[in-house]
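Biologist: I would be grateful for a close examination of the ligand site in this model. Please describe the site in detail and then place it beside other local features of the chain that merit inspection.

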Amino acid sequence: MEKIIVKGVKELNGEVNISCAKNSILPIIAATILCPESITINNTPMLEDVEVICKLLAKLNCEVNFSQIDNKLKINTSNISPENTNTDLIKKMRASFLIMGSMLARFGYCKLCLPGGCNIGSRPIDLHLKGFKLLGADVNIGYGFVEVQAKKLIGNRIYLDFPSVGATENILMAAVLAEGTTIIENAAEEPEIEDLARFLNKMGARIEGAGRGKIIIHGVRSLKGIEYTPIYDRIEAGTFMIAAGITNSKIKINGINEEHLRPVIEKLKECGFLFSKYNENSIIVDGTKMKKAVDIKTLPYPGFPTDMQAQIMSLLSITQGISIITETVFENRFMHVTDLTRMGANIKIDGRTAIIEGVSRLTGCDVKATDLRGGAAMILAGLAAEGETRIGDIYHIDRGYVNVEEKFRKLGAEVYRIDV
Ligand code: UD1
């Protein structure tokens, strides 16, 4: 079993390179099923989650080749066998469920076991299925499986009760090859949705409005193979911004789209951070100034991202004053609080609200990554804690951060991985 060891407290210096976005790459890989031609995805970070979806495609008989030399991922789904989907890989990662829209569009059929993923709430799939039904599919659920089938998908108007990221992506992928026009209303507006639409449009799809609440998809007959570079990972960038603040440091972050990080940057400015543009894709984060407590409510984009909630909680744990975090997106996303408290934080939970009274210091101890972002929060807390923080269950962290300890070490932190 591996652990990540963090030795605090050290100032960070220098620069970090952000990878391409996990939450863009996963749906993009799922979308390769829509087209029987070769597709190349550039700058692919070989994260655990990316490996899982690649293994899933390989199990379905697709050609999947990753070159470690140039980080290009080449996928050809021309020989895909749609019947091989009975695999634990679906349960292992919720995003595997994103292949359902593409499979339905290409084969008119898909059967998958109900998805797994981070244990951060009940995470239903009703909105995905509502969309498929409105496009003309029959949906059957039973014995732990979901089966969808349609002779033909026909465009329709689909209103989502909640702007679910996964449902928007899955419906978008199903609608791309449907007959006629589909309109998704109250669609998720996350930058990764816009990226997926950009990828699909480059392949020949006709999608308008992605990245806003109303997406219009004019169905096309077929798509063509392309080469594509996804956007940078805004959550990884945000995590390093917090790292600068929690260690009172100034660092440069390369690989950033400031617009995508606007909700995070604005909140961090309120907290006392300073930001200056270095060039188009780089930013200097000055976290050396005195921080103050802030209140946060997680919301769908362009609100403050739930995927940054755990990390900012680590920072607020040692920020003087009382901060209140309200988690509105997932109902069980405070699992990291127990371990932050063991490190000395003063946090009380009341339903979906966390009340954080800043303490003057944290101290290292044995903790666990309870989920992906909760794990990142432990690394951040460890950077600011006196002594040694030993983080277990780090497979969660590897799902979304590539070379995480190397990236931190390059900034001067003492973060390393051991086998125990
Ligand atoms: C995606 C991201 C994840 C992020 C989340 C919210 C990927 C691979 N993962 O997850 O990192 O934390 O968006 O920004 O992109 N819901 C329903 N019915 C549905 C689907 C969702 O009620 O059919 C609810 C969920 O229970 C949850 C909320 O909608 O409370 C948000 O979920 P959703 O936006 O779908 O998140 P994911 O796509 O799973």
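**The ligand site and its surroundings**

Modeller: A polar side-chain atom of D126 is placed 2.6 Å from a nitrogen atom of the ligand. This is a predicted model, and every distance and angle given here is computed from it. A second side chain takes part as well: a polar side-chain atom of D307 lies 2.6 Å from an oxygen atom of the ligand. The main chain contributes through P124, which has a backbone N or O atom 3.3 Å from an oxygen atom of the ligand. The ligand on its own has 740 Å² of accessible area, and the protein covers 86% of it. As to location, the largest pocket is where the ligand sits.

The shell around the ligand consists of 17 residues, and the closest are D126, L127, S164, D307 and V329. D126 and D307 thus appear both among these closest residues and in the side-chain contacts, D126 with a nitrogen atom of the ligand and D307 with an oxygen atom. Sorted by class, the shell comprises seven nonpolar, five polar and five charged residues.

Two helices deserve attention here. At least two residues of the shell come from each of α5, which spans 126-134, and α6, which spans 165-175. Of these, α5 provides three residues, the largest share of the shell.

From the ligand site one may turn to the packing of helix α1. This helix covers residues 22-31, and nine of its 10 residues are buried, so α1 is largely enclosed by the rest of the structure. The buried positions are K22, S24, I25, L26, P27, I28, I29, A30 and A31. An α-helix has 3.6 residues a turn, so residues three or four places apart point the same way. In α1, however, burial extends over consecutive positions, from S24 through A31.

A contrasting position is I355, in strand β20, which runs over residues 353-357. With a relative accessibility of 34%, I355 counts as partly exposed, because buried means under 20% and exposed means over 50%. Its C-alpha atom is separated by 8.8 Å from that of T326, and the two residues are 29 apart along the chain.

The backbone geometry also holds several points for inspection. The peptide bond from G8 to V9 is cis, with omega near -10 degrees. V9 belongs to the loop that links β1 (2-8) and β2 (15-17). Another cis peptide bond joins Y301 to P302, where omega is about 10 degrees. P302 is located in the loop between β17 (296-298) and α10 (309-317).

Two residues other than glycine carry a positive phi. For D393, phi is about 55 degrees; this residue is in the loop between β23 (385-392) and α13 (395-398). D393 has 21% relative accessibility and therefore counts as partly exposed. For N403, the positive phi is about 45 degrees, and the residue lies in the loop between α13 and α14 (404-410). N403 likewise counts as partly exposed, with a relative accessibility of 42%.

To return to the site itself, the ligand occupies the largest pocket, with D126 and D307 each placing a polar side-chain atom 2.6 Å from a ligand atom.

Conventions
Residues are numbered from 1 along each chain as its sequence is written. This is a predicted model: local features need pLDDT of at least 70, side-chain atom pairs count only at pLDDT 80 or more; totals for chains, interfaces and linings use all residues. Side-chain values use heavy atoms; hydrogens and water are left out. A residue is near a molecule or strand if one of its heavy atoms lies within 4 Å of it. A polar contact is a pair of N or O atoms within 3.5 Å; within protein, one must be able to donate a hydrogen and the other to accept it, and residues adjacent in sequence count only if both atoms are side-chain atoms. Accessible areas come from the Shrake-Rupley method with a 1.4 Å probe; for residues, only the protein chains shown count as cover. On a 1 Å grid over the protein atoms alone, a cavity is a set of points where a 1.4 Å probe fits but cannot get out, and a pocket is an open set with protein on both sides within 12 Å along at least five of seven lines; lining residues have an atom within 4 Å of a point. A molecule sits in a cavity or pocket if more than half of its atoms lie within 2 Å of its grid points. Helices (H or I, at least four residues) and strands (E, at least two) are DSSP runs, numbered from the N terminus. Ala, Val, Leu, Ile, Met, Phe, Trp, Tyr, Cys and Pro count as nonpolar, Asp, Glu, Lys and Arg as charged, and the others, Gly among them, as polar. Buried means under 20% relative accessible area, exposed over 50%, partly exposed in between (1.4 Å probe, protein chains only).
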